[in-house]
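Work through the exercises below with the sequence and the 3D structure open. Try each task before reading its solution.

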Amino acid sequence: MKAVAYYRVSTASQGRSGLGLEAQRRDVEALCTARGFDIIADFTEVESGKRNDRPQLTEALRRAKLTGATLVVAKLDRLSRSLAFVSALQESGARFIAADMPEANELTVGVLAAVARQEGKAISQRTRDGLAIARERAASGGTNKWGQPYKVARLGNPNGAAPLRRAGKGNAAAIAAKAAAVDAKCVELAGEVASLRKAGAVSLRDLAGGLNERRIEAPRGGNWHPSGVKRLLFRLDRLRLS
């Protein structure tokens with residue numbers, strides 16, 4: 001099985017000195033050896049775990065998803081302390097495992113994401129309750145602390161989704177969403193294609209071989225073939241990414 005290792009250090013000085021990094025590598029490599037994982041790539045982040053905009057983690061998730069590999073971290077808190085980010089991790093579809101808690105994998109992410117969704121529902125309910133109170137105050141002719149009458153503004157489309165359904169735009173939206181997902185996959189692969197071309201890959205066969213060497217699976221799984229690369233390049237050209 002393939003694995004993508006992700007390491008994180010909190011400060012630039014730790015990143016330069018290797019403090020904490022060696023221990024993470026040791027734990028991750030021990031887990032991969034025990035599980036029979038082959039580490040095909042590794043990424044090191046120098047940033048706070050409280051932030052969600054970590055480019056190295058984004059790249060690690062992208063590579064794991066492209067190659068069908070499992071993201072491996074030394075400690076569970078190396079992923080994020082943010083439930084919102086944990087939910088996004090689940091939606092990315094990438095598998096992961098933590099060396100300090102091997103049993104805490106996708107199921108744990110699901111639980112944390114459920115907690116995040118529940119909290120979101122609670123916030124929505126509190127918002128609705130607040131609006132209900134505001135409407136009551138507005139209806140009763142009450143005023144705020146500045147002596148101004150309460151007003152409640154309605155947001156969104158007052159006609160709802162009915163006009164869209166009558167116009168038959170629902171199906172078109174679904175088709176557009178599917179096409180957008182395919183385009184997003186092509187965008188992810190554009191960087192790999194550019195890298196292979198820079199390394200000297202010219203023919204469709206060369207590009208297919210390079211993608212296979214990087215353990216990147218074809219859209220329908222398995223290895224890349226020249227015909228599949230040709231379709232990919234056609235789509236990249238249409239997106240002006242070739």
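The exercises that follow concern a predicted model.

**Exercise 1. The chain as a whole**

Task: State how many helices and strands the chain has, and in what order the elements run.

Solution.
Step 1. Count the elements: the chain has nine helices and four strands.
Step 2. Write them down from the N terminus, which gives β-α-α-β-α-β-α-β-α-α-α-α-α.
Step 3. Look at burial: of the 242 residues in the chain, 31% are buried.
Step 4. Look at contacts: among those between residues at least 6 apart in sequence, 63% join residues at least 24 apart.

**Exercise 2. A salt bridge between distant parts of the sequence**

Task: Find the partner of Asp38 in a salt bridge, and say which parts of the chain the pair ties together.

Solution.
Step 1. Recall the general rule: side chains of opposite charge can pair when their charged atoms come close.
Step 2. Identify the pair: Asp38 forms a salt bridge with Arg215, and their closest N and O atoms are 2.9 Å apart.
Step 3. Place both residues. Asp38 belongs to strand S2 (residues 38-46) and Arg215 to the loop between H8 and H9, so the bridge ties together parts that are 177 residues apart in sequence.
Step 4. Check accessibility, with partly exposed covering the range between under 20% and over 50%. Asp38 has a relative accessibility of 36%, so Asp38 counts as partly exposed. Arg215 has 33% and therefore also counts as partly exposed.

**Exercise 3. The surroundings of Glu192**

Task: Decide whether Glu192 is buried or exposed, and list the residues that Glu192 touches.

Solution.
Step 1. Locate the residue: Glu192 lies in helix H7.
Step 2. Apply the cut-off for burial, which is under 20% relative accessible area. Glu192 has 3% relative accessibility, so Glu192 counts as buried.
Step 3. List the contacts, leaving out residues up to four places away in sequence: Glu192 touches Arg62, Arg63, Leu66, Leu211, Arg214 and Ile216.
Step 4. Take the salt bridge with Arg62, where the closest N and O atoms are 2.8 Å apart. Arg62 lies in helix H3 (residues 55-67) and Glu192 in helix H7, so this pair ties together parts that are 130 residues apart in sequence. Both Arg62 and Glu192 are buried.
Step 5. Take the salt bridge with Arg214, where the closest N and O atoms are 2.7 Å apart. Arg214 is in the loop between H8 and H9 while Glu192 is in helix H7, so the parts tied together here are 22 residues apart in sequence. Arg214 has a relative accessible area of 26% and is therefore partly exposed.
Step 6. Join the pairs: salt bridges that share partners link Glu59, Arg62, Arg63, Glu192 and Arg214 into one network. The structure holds six salt bridges.

**Exercise 4. The nonpolar cores**

Task: Name the residues of the largest nonpolar core that touch the most other members, and say which element gives the most to this core.

Solution.
Step 1. Start from the members: of the 17 residues in the largest nonpolar core, Leu207, Trp224, Val229, Leu232 and Leu236 touch the most others.
Step 2. Assign elements: H7, helix H8 (204-213) and H9 each supply at least two residues of this core. H7 gives the most, with five residues.
Step 3. Examine one member: not counting residues up to four places away in sequence, Leu207 touches Val193, Leu196, Arg197, Ala201, Val229 and Leu233.
Step 4. Note that another core lies apart from the largest one, with 15 residues that include Val4, Phe43, Leu57 and Ala94.

**Exercise 5. The largest pocket**

Task: Describe the lining of the largest pocket by position, by element and by class.

Solution.
Step 1. Take the volume: about 530 Å³ of space lies in the largest pocket.
Step 2. Count the lining: 19 residues line the largest pocket, and Pro219, Arg220, Trp224, Gly228 and Arg231 lie nearest its centre.
Step 3. Sort by element: helix H7 (169-198) and helix H9 (226-238) are the elements that give two or more residues to the lining. H9 provides the largest share, seven residues.
Step 4. Sort by class: the lining has nine nonpolar, five polar and five charged residues.

Notes
Residues are numbered from 1 along each chain as its sequence is written. This is a predicted model: local features need pLDDT of at least 70, side-chain atom pairs count only at pLDDT 80 or more; totals for chains, interfaces and linings use all residues. Side-chain values use heavy atoms; hydrogens and water are left out. On a 1 Å grid over the protein atoms alone, a cavity is a set of points where a 1.4 Å probe fits but cannot get out, and a pocket is an open set with protein on both sides within 12 Å along at least five of seven lines; lining residues have an atom within 4 Å of a point. Grid points are joined across faces, edges and corners, and a volume is the space filled by probe spheres set on the points. Ala, Val, Leu, Ile, Met, Phe, Trp, Tyr, Cys and Pro count as nonpolar, Asp, Glu, Lys and Arg as charged, and the others, Gly among them, as polar. A nonpolar core is a set of buried Ala, Val, Leu, Ile, Met, Phe, Trp, Tyr and Cys residues joined through side-chain atoms within 4.5 Å. Buried means under 20% relative accessible area, exposed over 50%, partly exposed in between (1.4 Å probe, protein chains only). Contact means heavy atoms within 4.5 Å. A salt bridge is a side-chain nitrogen of Lys or Arg within 4 Å of a carboxyl oxygen of Asp or Glu.
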